[in-house]
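Work through the exercises below with the sequence and the model at hand. Try each task before reading its solution.

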Amino acid sequence: MAKLEQEDTDWVAEKLPDWQRAIYTVNPSDATSPDSLTTLFNKGHESMAYLTYVIDHYSSLPSTMAFIHPHRSGFWNAWHTDTPLHDNVYALENLQIPFLQHNGYVNLRCNWAPGCGKVPGTNQHITRQVWQEVFNDTTTSPSNNSNSATSTADPTLAVACCAQFAVSREQVHKRPLEDYIKFRDWVIHTEKSDAKSGRVMEYLWHVIFGMDPV
């Protein structure tokens, strides 16, 4: 989980005591506890924390991981949490672990919008150039019907927003550690802003973790 220093995440320990917690403050200050987890940069929205966790714990990951936002519930803050009252506690309490272990990855949002149209097409955030920048030179480059060296078309991509998902350790380990370091380096060094680089990652998590682009 990524959080701003001012955000209250006490609900995680109180309401989800059976889950181990890794909560990263992305904008630490002098007032931040030295015991707090922090990220190298505040960029890419939640992706910096997500990737930092995978990189730092690659050899000791738990069997099941959920990557979620710091706001617990409520329409205005958590409209994208697709549960009663938009409640992330409900989402994790009802996560079907056996299905996750079988499938490897699940998006915690079931509603297709935004992100999926009636007819799969391109995504304005994932251009051909972005696709190549993120995935080139990774050892398990994903397949895509327009992902070839000679193609100039933007990739066909469709996935529900909004960067909340669960993934198994086995699925994470289908990519080597070096791939995740490369993904984080892209977030750090891209000229895209915090918001735009985060939006790119939002629509690529399923591909990173071995799912089809559509």
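**Exercise 1. Lay out the sheet.**

Task: give the strand order and the sense of pairing in the three-stranded open sheet.

Solution. The order is S1-S2-S3, and the pairing is parallel. Strand S1 (2-3) and strand S3 (37-38) each have a single partner strand, so they stand at the edges, with one side of each left without a neighbour in the sheet. Next, take one pair. S1 and strand S2 (residues 24-25) run parallel and share two bridges. Two strands count as paired if DSSP finds at least two bridges between them. Within this pair, Ala 2 faces Tyr 24 of S2. As background, strands of a sheet pair through backbone hydrogen bonds, either parallel or antiparallel.

A note on the source: this is a predicted model, in which local features need pLDDT of at least 70 and side-chain atom pairs count only at pLDDT 80 or more, while totals for chains, interfaces and linings use all residues. Residues are numbered from 1 along each chain as its sequence is written, and side-chain values use heavy atoms, with hydrogens and water left out.

**Exercise 2. Describe the whole chain.**

Task: count the helices and strands, then state how much of the chain is buried.

Solution. The chain has 10 helices and eight strands. These are DSSP runs, numbered from the N terminus: helices are H or I with at least four residues, strands are E with at least two. Of the 214 residues, 46% are buried. Buried means under 20% relative accessible area, exposed means over 50%, and partly exposed lies in between (1.4 Å probe, protein chains only). Now turn to contacts, meaning heavy atoms within 4.5 Å. Among those with a separation of 6 or more, 71% join residues 24 or more positions apart.

**Exercise 3. Check helix H8.**

Task: compare the expected span of helix H8 (residues 177-189) with its end-to-end distance, then find what covers its buried residues.

Solution. The expected span is 1.5 Å times one less than the number of residues. For the 13 residues of H8 this gives 18 Å, and the end C-alpha atoms are 19 Å apart, which agrees. Next, list the buried positions: Asp 179, Tyr 180, Phe 183, Arg 184, Trp 186, Val 187 and Ile 188. They pack against helix H2 (47-56), helix H6 (128-135), helix H7 (169-172), helix H9 (194-202) and helix H10 (205-208).

**Exercise 4. Place Thr 138.**

Task: decide whether Thr 138 is buried or exposed, and name its contacts.

Solution. Thr 138 sits in the loop between H6 and strand S7 (156-157). Its relative accessibility is 10%, so Thr 138 counts as buried. A polar atom of its side chain lies 2.7 Å from the backbone oxygen of Phe 135. Leaving out residues up to four places away in sequence, Thr 138 touches Arg 175, Asp 179, Lys 182 and Phe 183.

**Exercise 5. Find the salt bridges.**

Task: locate the salt bridges and classify the exposure of each partner.

Solution. The criterion is a side-chain nitrogen of Lys or Arg within 4 Å of a carboxyl oxygen of Asp or Glu. The search finds three.

- Asp 87 and Arg 72 meet at 3.1 Å, N to O. The pair links distant parts of the chain, 15 residues apart: Asp 87 is in the loop between H3 and H4, Arg 72 in the loop between strand S4 (64-67) and H3. Asp 87 is buried at 11%, whereas Arg 72 is partly exposed at 27%.
- Asp 179 and Arg 175 meet at 2.9 Å, N to O. Asp 179 is buried at 2%, and Arg 175 is buried at 3%.
- Glu 202 pairs with Arg 199, the closest N and O atoms being 2.8 Å apart. The two are three residues apart in helix H9, which means about one helical turn separates them. Glu 202 is buried at 9%, but Arg 199 is partly exposed at 34%.

**Exercise 6. Examine Leu 85.**

Task: which residues does Leu 85 contact, leaving aside its neighbours within four places in sequence?

Solution. Start with location. Leu 85 lies in the loop between helix H3 (75-78) and helix H4 (88-93). Its relative accessibility of 71% makes Leu 85 exposed. The contacts are Ser 73 and Gly 74. Finally, Leu 85 and Arg 72 are 13 residues apart in sequence, with 9.7 Å between their C-alpha atoms.

Conventions. A polar contact is a pair of N or O atoms within 3.5 Å; within protein, one must be able to donate a hydrogen and the other to accept it, and residues adjacent in sequence count only if both atoms are side-chain atoms.
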